[in-house]
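Here is a set of questions and answers on one protein structure. Please keep the model open while you read.

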Amino acid sequence: MQTIDRKILIVAAVALIDVDGRILISKRPDNKYLGGLWEFPGGKLENNEKAEDALIRELEEELNINTWKSCLAPLTFSTFDYKDFYLTLLLFVCRKWEGIITPQEGQEIKWVYPNELNKFPMPEADRPLIPFLRDLL
């Protein structure tokens, strides 16, 4: 059995879906790891934090919106072995939130249809999630 000798990160991400069936993606700031790539909103789980709690926190911090655990439906996950860490990415979908989406960290955001997601450069861990979203929508 092969063991991982790097840090294991667990990240919760969400596909926010609007009434037109579009998905919100956001562009990572150029000065961050994987900068310039598009991703689904979310972030790392803090110590002993549940994925849904992390998403609620991250959506408020990053996009100034509120949602509830009952509005977050788990869809799928992916893993990727990056050079410095091993990532497990948990993807949820959400169709209901409160507030007007306003980027709080200067990030660019776009609403895109599922069949357009492949047009945007994304981190390796995000790419396997696209077919699940296309099938869902």
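Contact means heavy atoms within 4.5 Å. Helices (H or I, at least four residues) and strands (E, at least two) are DSSP runs, numbered from the N terminus. Residues are numbered from 1 along each chain as its sequence is written, and side-chain values use heavy atoms, with hydrogens and water left out. This is a predicted model: local features need pLDDT of at least 70, side-chain atom pairs count only at pLDDT 80 or more, and totals for chains, interfaces and linings use all residues.

Q: Which elements do the buried residues of H1 pack against?
A: Buried means under 20% relative accessible area, exposed over 50%, and partly exposed in between (1.4 Å probe, protein chains only). The buried residues of H1 include Ala-51, Leu-55, Arg-57 and Leu-63. Their packing partners are E1, E2, strand E4 (42–44), E6 and E7.

Q: What span does helix H1 reach from its first C-alpha to its last?
A: The helix covers residues 51–63, which is 13 residues. The expected span is 1.5 Å times one less than the number of residues. For H1 that gives 18 Å, and the model comes close to it, at 17 Å.

Q: Which residue just after H1 takes a positive phi?
A: H1 ends at residue 63. Just after the helix, phi is about 60° at one residue: Asn-64.

Q: In what order do the 3 strands of the open sheet stand?
A: Two strands pair if DSSP finds at least two bridges between them. E2 (residues 23–27) has 2 bridges to E3 and 4 bridges to E7. The pairing is antiparallel, and the order is E3-E2-E7.

Q: Which strands stand at the edges of this sheet, and why is one side of each left without a neighbour?
A: Strands of a sheet pair through backbone hydrogen bonds, either parallel or antiparallel. Each edge strand has a single partner strand, so one side has no neighbour in the sheet. The edge strands are E3 (38–39) and E7 (109–112).

Q: Which residue stands opposite Ile-23 in E7?
A: E2 and E7 run antiparallel. E2 is mostly covered, with 4 of its 5 residues buried. On the E3 side, Lys-27 stands opposite Trp-38. On the E7 side, the residue facing Ile-23 is Val-112.

Q: Which element gives the most to the largest nonpolar core?
A: A nonpolar core is a set of buried Ala, Val, Leu, Ile, Met, Phe, Trp, Tyr and Cys residues joined through side-chain atoms within 4.5 Å. The largest has 23 residues; Ile-25, Phe-40, Leu-87, Leu-117 and Leu-133 touch the most other members. Strand E1 (7–16), E2, E6 and helix H2 (130–136) each supply at least two residues. With 5 residues, the top contributor is E6.

Q: How many residues does the second, separate core have?
A: This core includes Ala-12, Val-14, Leu-16 and Leu-63. Leu-63 is also one of the buried residues of H1. The residue count of the second core is 14.

Q: Which loop residue forms a salt bridge with Arg-57?
A: A salt bridge is a side-chain nitrogen of Lys or Arg within 4 Å of a carboxyl oxygen of Asp or Glu. Arg-57 is buried, because its relative accessibility is 17%. Its contacts, leaving out residues up to four places away in sequence, are Lys-44, Glu-46 and Glu-49. The partner lies in the loop between E4 and H1, 11 residues apart, with the closest N and O atoms 3.6 Å apart: Glu-46.

Q: Is Glu-46 buried or partly exposed?
A: Glu-46 belongs to a network of salt bridges with Glu-49, Arg-57, Glu-58 and Glu-61. Its relative accessibility is 47%. Glu-46 therefore counts as partly exposed.

Q: What N to O distance joins Arg-28 and Glu-39?
A: Both residues are buried. Arg-28 lies in the loop between E2 and E3 and Glu-39 in strand E3, so the pair ties together parts 11 residues apart in sequence. The salt bridge has an N to O distance of 3.3 Å.

Q: How far is the C-alpha of Pro-103 from that of Glu-61?
A: Pro-103 sits in the loop between strand E6 (85–94) and E7. Pro-103 counts as partly exposed because its relative accessibility is 31%. Leaving out residues up to four places away in sequence, Pro-103 touches Glu-62, Leu-63 and Ile-109. Glu-61 is 42 residues apart along the chain, and the C-alpha separation is 8.9 Å.
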